[in-house]
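Work through the exercises below with the sequence and the model at hand. Each task is followed by a solution in steps.

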Amino acid sequence: MTQFVELRSIDVVPDDERHGRAFSQFTLWLGANLQITAVVTGALAVVFGGDVVWSVTGLLLGNLLGGAVMALHSAQGPKLGLPQMIQSRAQFGVRGAVVPLLLVIVMYVGFFASGSVLAGQAVAELTHTGDTTGIVVFAAVTAVMAAVGYRVIHALGRVAGVVCALAFVYLGARLLERADLGALLGDAHFSLPMFLLAMSLSASWQLAFGPYVADYSRYLPRTTSAKATFWWTLSGSALGSQWSMTFGVLVAATAGEEFMRGQVGYVVALGGTGLAASFFYFVIALGKLTVNVLNTYGGFMSMVTSVSGFRGQRVLSRRGRAAYIALIMVAGTAVALAGKDSFLTSFKDFLLFLLTFFTPWSAINLVDYYLISKERYDIPALFDPRGRYGAWRWDALVVYAVGLLAQLPFLVTHFYTGPLVERLGGADVSWIVGLAVPALLYWLLARRSPRSGGPRPDTGANPSAAGAAAP
C-alpha cells in the first residue's frame, strides 16, 4: 500500500522511482476528455450562434493548436522529473512564480466547481438525493482519490477511457437516430466570430491543462522519448476532447432548449431508462471524477509550490498533503454550490477568462525551455531564492503583464468586450495575441539575460538525486 500511495509532491522524482511508458499519457488524457463538461463546451459553440459544420471545424482546429501547446508542456515531465509549475521559477523567479500560480489555483478551483455541478447532478440521480448532496459527495470522493496520488490517477484514466469511449459510441448512435444529419450538415453558414469562438473554446480547454500536464508525465523514465510523450499526449487529449465536443455540437443542434434546461438529464435520456439510465449517470460521474481528480491534484501541487517559494519547503507530510487537498475541495465545492443555477453562461466566460491568463504563461514557459534554456535547468537553483534564477524576475513578470494587456482590446466575454472587437466583426482573437506577443518579447529579452542565456550547466550532482540538474 505504501507504494500505491504517493509520497512525493514538488520534489524531483529520482530515476529509481521512474516507471511506465509514454502511452500512459494517451490513456490518461483520453479518459480525462471523454466527459460531460467537454460535451457542454462543444455545445456552447452552437448555443451561442454557430452551425454544426463550422463549429466542429473550429473546435477541431482549436483542439489541435491548443493541444500541441499543452503536449509541449507534457514533454518536459520525463526530462526534468518535476511538477509543471515548479519550472516556472526558472522564468519568473522562485518567488515570482507565485503570480501565475495564484491564477492557476483559481483555475483549478473553477474547473473543480464546474465539474462538480454536472457530476453532482449525476450522483444525485444515482443516490436519489438532491443536487447539493450530489455535489458534496462527489467532491469528497474526488479529494480521497487525489490524496492517494499519481498511480491511482493513471489507473482511473485507463478505466474511464475504456468505459466512457464505449458509452459515447452508443450515445452517439442513439443521437444520430434522432438527428436529421443531412439537414444539419446542409445548413452551413460561415461566420468568422462564431468560428473563432469555437476555436477559442477548444483552445482554452486544451491550454488550461498546460499548467499541470507535466505533473502526470514526470514519473516516466528519463530515457522516454520527448516526441513519444508529445504525440501520445496530443493524440489522447485532442481525440477525447474532439469526440466529446462534436457530440455536444450535435446534441445542442438537435435538442436546443431541452438540452439547455438539463444537460446531464438529456444526455442520459439518450441512453434509455431504468438500469440503462443508472449506468449512464455512473459514466458521467466516472468521466468527471477523472478530470476533477486531476484538478484537485494540480491545485494541491500549485499551492505547495506557492508556499514553498517563501518557506523553502520541499517535502510535505501526509497530513500537510491532506490539508492542501481539503482546501481545494472546500473552495471548489463552495463555488459549485453558488453557481450551479447559472452554469452555461458562467462556464463560457470562465473558459475565455482562463485563456486570457494562461496563453502568456504558456508562451513564456515554452520559449524559455525549448529556445533559451535548450531543455536544461539548474534544478537545485529552482528551490533557492538566492540562486541563479533569483527570487523575482521582473523582466519575465513585465512580459507576462504586457501579454495580458495586449489581449484586452481583442477580448470578448459576457462582462467585457475589447474596443477592437467590433472592427473584427465580433471575432475574439485575444488568445492568438496572448501567445505571439509575450513569446516574442520574452525571447528578445531572455537572450540578453545571463541567467537564461544558453544551456544550463550540470551541477555535478547525481542525476538520480532529488536535487540533480536535468542532463
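The exercises go from the whole chain to single residues.

This is a predicted model, in which local features need pLDDT of at least 70 and side-chain atom pairs count only at pLDDT 80 or more, while totals for chains, interfaces and linings use all residues. Residues are numbered from 1 along each chain as its sequence is written, and side-chain values use heavy atoms, with hydrogens and water left out.

**Exercise 1. Overall make-up and confidence**

Task: describe the secondary structure, the burial and the confidence of the chain.

Solution.
- Step 1. The chain has 18 helices and zero strands; these are DSSP runs numbered from the N terminus, helices being H or I of at least four residues and strands E of at least two.
- Step 2. Of its 471 residues, 59% are buried. Buried means under 20% relative accessible area, exposed over 50%, and partly exposed in between, with a 1.4 Å probe and protein chains only.
- Step 3. Among contacts with a separation of 6 or more, 87% join residues 24 or more positions apart; a contact means heavy atoms within 4.5 Å.
- Step 4. The mean pLDDT (the predictor's confidence in each residue, from 0 to 100) is 83, and 90% of the residues reach 70 or more. Over residues 452–471 the pLDDT is below 50, yet this stretch has 60 contacts in the model beyond near neighbours in sequence. Where pLDDT is low, predicted coordinates should not be read in detail.

**Exercise 2. Aromatic pairs**

Task: how are the rings of phenylalanine 209 and tyrosine 212 arranged, and how are those of tyrosine 369 and tyrosine 377 arranged?

Solution.
- Step 1. Rings of Phe, Tyr and Trp (its six-membered ring) pair if their centres lie within 6.5 Å; planes under 30 degrees apart count as stacked, over 60 as edge-to-face and the rest as tilted. The whole structure holds 25 aromatic pairs.
- Step 2. For phenylalanine 209 and tyrosine 212, the centres are 6.0 Å apart and the planes lie at 25°, so the pair is stacked. Phenylalanine 209 is buried at 4% relative accessible area, and tyrosine 212 is buried at 1%.
- Step 3. For tyrosine 369 and tyrosine 377, the centres are 5.7 Å apart and the planes lie at 55°, so the pair is tilted. Tyrosine 369 is buried at 1%, as is tyrosine 377 at 0%.
- Step 4. Phe209 and Tyr212 also belong to a cluster linked by ring pairs, together with Trp29, Tyr108, Trp205, Tyr216, Tyr297 and Phe300.

**Exercise 3. The nonpolar cores and helix H1**

Task: which residues have the most contacts inside the largest nonpolar core, and against which helices do the buried residues of H1 pack?

Solution.
- Step 1. A nonpolar core is a set of buried Ala, Val, Leu, Ile, Met, Phe, Trp, Tyr and Cys residues joined through side-chain atoms within 4.5 Å.
- Step 2. The largest has 120 residues, and Trp29, Phe247 and Phe259 have the most contacts inside it. Helix H14 (residues 275–311) gives the most to this core, with 16 residues.
- Step 3. Apart from this core lies another of ten residues, including Met199 and Trp431.
- Step 4. In helix H1 (residues 23–33), ten of the eleven residues are buried, Trp29 being one of them. The buried residues of H1 pack against H2 (36–47), H3 (52–74), H8 (150–178), H10, H11 (226–255) and H14.

**Exercise 4. Two small buried residues**

Task: place serine 202 and glycine 210, and list what each touches beyond four places in sequence.

Solution.
- Step 1. Serine 202 lies in helix H10 (residues 192–207) and is buried at 0% relative accessibility. Serine 202 touches Gly58, Leu59, Gly62, Asn63 and Met245.
- Step 2. Glycine 210 sits in the loop between H10 and H11, and is likewise buried at 0%. Glycine 210 touches Met70, His73, Gln84 and Trp361.
- Step 3. Glycine 210 and glycine 66 are 144 residues apart in sequence, with their C-alpha atoms 9.2 Å apart in space.

**Exercise 5. Positive phi**

Task: are histidine 128 and glutamate 375 buried, partly exposed or exposed, and what is the phi of each?

Solution.
- Step 1. Most residues other than glycine have a negative phi.
- Step 2. Histidine 128 has a positive phi near 60°. Histidine 128 lies in the loop between H6 (98–127) and H7 (131–148) and is exposed, at 72% relative accessibility.
- Step 3. Glutamate 375 has a positive phi of about 65°. Glutamate 375 is in the loop between H16 (343–372) and H17 (394–407) and is partly exposed, at 27%.
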